[in-house]
Amino acid sequence: MADTDQGRVPTVIADDVHIVYRVNGGGGGRGSATAALSRIIRRRKGQTDRGVRKVHAVRGVSFTAYRGEAIGLIGTNGSGKSTLLRAIAGLLPTESGKVYTDGQPSLLGVNAALMSDLTGERNVILGGLAMGMDREEIKSRYQDIVDFSGINEKGDFISLPMRTYSSGMGARLRFAIAAAKQHDVLMIDEALATGDRKFQIRSEARIRELRKEAGTVFLVSHSNKSIRDTCDRVLWLEKGELLMDGPTDEVIAAYERETGK
Ligand SMILES: Nc1ncnc2c1ncn2[C@@H]1O[C@H](COP(=O)(O)OP(=O)(O)OP(=O)(O)O)[C@@H](O)[C@H]1O
């Protein structure tokens with residue numbers, strides 16, 4: 001593996017990555033009469049496949065990401081963006097091909113595992129611990145995280161359970177927690193789309209800072225504006241394949257021509 005390309009340091013290498021989901025009981029629903037009937041017929045025919053369906057979500061994707069880059073992932077619904085991020089984060093195995101990462105990638109999704117019955121305050125601590133910060137570190141950054149999230153702008157919401165937050169508020173708190181730490185590789189899945197414009201501007205500025213601090217940032221978003229404001233390179237996925245990999249302006253322009261978005 002080449003260590004540098006014109007002095008650049010690779011952080012993520014995807015080499016011909018294929019990802020396949022296996023879904024049990026696809027077709028007919030598990031408990032329905034038609035599903036039971038088709039199982040009986042299959043068994044009579046001696047078929048061994050018990051309704052496991054495969055979804056080939058990512059097909060032969062290869063790229064190298066470098067330190068200091070912010071890379072946008074675009075593509076229509078179901079094109080494999082989240083799946084690819086989950087594989088880079090090590091949360092999904094590859095069917096074939098390899099993902100190499102330098103350092104620990106952190107995935108910040110809108111579903112990041114915080115506890116909805118706990119207060120925002122407890123979740124800041126929980127999220128911080130989950131990212132490997134110690135209690136002192138969390139304490140010293142606590143106020144910054146709350147201020148950044150803007151959760152308390154309209155009253156004392158941080159002491160309420162997270163289930164009482166709107167989806168935008170939840171996403172903002174998750175982003176604020178994840179952005180408090182310097183990441184080797186930070187992956188953000190749609191988090192910006194749910195915040196309001198003011199918060200989007202703040203988080204885009206923070207992504208730029210994280211880049212300067214030498215991490216690599218991946219951003220999945222359906223907002224071409226967010227991608228333009230934040231990323232200098234874009235990967236365009238369609239039906240699991242990498243259609244284009246290049247400078248943001250070129251790829252977004254081609255994407256807009258193709259999809260009319
Ligand atoms: N847990 C799962 N089990 C089975 N199939 C899945 C699973 N998650 C995603 N898929 C399938 O994999 C394909 C890619 O989905 P993925 O969520 O990666 O797309 P995406 O580009 O992130 O979509 P979106 O823009 O709608 O969020 C889709 O066909 C989807 O149905």
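Trainee: Where in the chain does K239 lie?

Mentor: K239 lies in the loop between β8 and β9 (241-247); helices (H or I, at least four residues) and strands (E, at least two) are DSSP runs, numbered from the N terminus. A word on the ground rules: residues are numbered from 1 along each chain as its sequence is written. This is a predicted model, where local features need pLDDT of at least 70 and side-chain atom pairs count only at pLDDT 80 or more, while totals for chains, interfaces and linings use all residues.

Trainee: Why is K239 called partly exposed?

Mentor: Count the C-beta atoms, placed from the backbone, within 10 Å of a residue's own: 20 or more others make it buried, 12 or fewer make it exposed, and anything in between is partly exposed. K239 has 14 others within 10 Å, so it belongs to the class in between. Its phi is near 50°, a positive value in a residue other than glycine.

Trainee: Which class does D16 fall into, then, buried or exposed?

Mentor: D16 has 12 other C-beta atoms within 10 Å, and is therefore exposed. D16 lies in strand β1, and its phi, too, is positive and near 50° in a residue other than glycine.

Trainee: And what makes I252 buried?

Mentor: Its count is 22 other C-beta atoms within 10 Å, so I252 meets the cut-off for a buried residue. I252 is found in helix α9 (residues 248-259). Leaving out residues up to four places away in sequence, I252 touches N224, I227, R228 and V234; for a contact, the C-beta atoms, placed from the backbone, must lie within 7 Å. As for N224, it stands 28 residues from I252 along the chain, yet their C-alpha atoms are separated by 7.1 Å.

Trainee: How much of the chain counts as buried?

Mentor: Of its 261 residues, 35% do. The chain has 9 helices and 9 strands. Among contacts with a separation of 6 or more, 74% come from residues 24 or more positions apart.

Trainee: What makes strand β3 (residues 70-74) "mostly covered"?

Mentor: 5 of its 5 residues are buried. In a regular strand the side chains alternate between the two faces of the sheet. For β3, A70, G72 and I74 are buried on one side, and I71 and L73 on the other.

Trainee: How do you know which strands β3 pairs with?

Mentor: A pair needs at least two bridges found by DSSP. β3 shares 4 bridges with strand β7 (residues 216-220), running parallel, and I71 has F218 as its bridge partner there. With strand β8 (residues 233-238), β3 again pairs in the parallel sense over 4 bridges; in β8, L73 is matched with L235.

Trainee: Which residues touch the most other members of the largest nonpolar core?

Mentor: Among the 57 residues of that core, they are M187, L219 and V234. To be called a nonpolar core, a set must consist of buried Ala, Val, Leu, Ile, Met, Phe, Trp, Tyr and Cys residues joined through C-beta atoms within 7 Å. Helix α5 (residues 167-179) gives the most to this core, with 8 residues. L219, apart from its neighbours within four places in sequence, is in contact with A70, G72, L73, I188, I227, T230 and C231.

Trainee: What is the strand order in the open sheet of 3 strands?

Mentor: The order is β2-β1-β4, with antiparallel pairing. β2 and β4 (96-101) are the edge strands, since each pairs on one side only. On average, neighbouring strands of this sheet are turned by 25° against each other, direction ignored. 5 bridges join β1 and β4, and I13 stands opposite Y100 in β4.

Trainee: Which strands does α2 lie across?

Mentor: α2 lies across β1, β2 and β4, at about 65° to β2. That angle is taken between N-to-C directions on a scale from 0 to 180 degrees, with axes fitted to C-alpha atoms, for helices over the stretch in contact.

Trainee: Which element gives the most to the shell around the ligand?

Mentor: α2 does, with 3 residues. The shell includes Y21, V55, N77 and K81; a residue belongs if its C-beta atom, placed from the backbone, lies within 6 Å of the molecule. β1 (10-23), β2 (53-66) and α2 (81-88) each supply at least two of the shell residues.

Technical notes
Contact = placed C-beta atoms within 7 Å.
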